[in-house]
Amino acid sequence: MPAPYAGGIGPQGEAALREFVQAGGTLITLGRASEWAMESFHLPVSNALARVKPGEFSCPGSLLRAHLDLAAPVNFGMSEDAAIFVDEPLAFATRPAPPEQKLTVLAAYPSRADNVLLSGWMRGADLLTRRAAAVSLSQGAGRIILFGFRVQNRAQTEGTFKMLFNAILAAGAAKK
């Protein structure tokens, strides 16, 4: 990677994003970028698969089932269950949020391991049960939306792309 494009957003960019969210902006993360946001914003969310060995969990690009909270604006127009594209070890474990922060689980994996896989192959479905696949958290006057799966994946966009557009639409509506 050429030097000008390597290294990420750095401390100044992180501070600017924190200020943006605190002032009422919405930060939307996709996949592994969620891990950066969880750490940088000290969120009551962690990657439940962070310490799992490769032999214990593998999902090299499969469709998994997620139950959606239909009361959440991000899930407007969706069905109660969605097929989500997963190709990396990321599932959210949530902790109680502080009183000033509202945490909403937008999408969660089923409670039974035999209901997780819809199409493809995976090892370790039991590690996903009752874990969140997407969450929304208030932060100051703004909010952070973490998508732990490829909501924008080119081969599965008709199933979940709507969630990304809803998140963007809700962010714009909140500014009015």
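The following paragraphs cover one buried asparagine and the salt bridges of this structure. The model is predicted, so local features need pLDDT of at least 70 and side-chain atom pairs count only at pLDDT 80 or more, while totals for chains, interfaces and linings use all residues. Residues are numbered from 1 along each chain as its sequence is written, and side-chain values use heavy atoms, with hydrogens and water left out.

Asn 75 lies in the loop between strand E3 (62–68) and strand E4 (81–86); helices (H or I, at least four residues) and strands (E, at least two) are DSSP runs numbered from the N terminus. Its relative accessible area is 1%, so Asn 75 is buried (under 20%; exposed is over 50% and partly exposed in between, with a 1.4 Å probe and protein chains only). Leaving aside residues up to four places away in sequence, Asn 75 contacts Leu 68, Asp 69, Leu 70, Leu 106, Met 163 and Asn 166, where contact means heavy atoms within 4.5 Å.

Side chains of opposite charge can pair when their charged atoms come close. A salt bridge here is a side-chain nitrogen of Lys or Arg within 4 Å of a carboxyl oxygen of Asp or Glu, and the count by this rule is five. One of them joins Asp 81 and Arg 65, at 3.9 Å from N to O. This pair links distant parts of the chain, with Asp 81 in strand E4 and Arg 65 in strand E3, 16 residues apart. Asp 81 is partly exposed at 35%, and Arg 65 is partly exposed at 24%.

Another salt bridge pairs Glu 35 with Arg 32, their closest N and O atoms being 2.7 Å apart.
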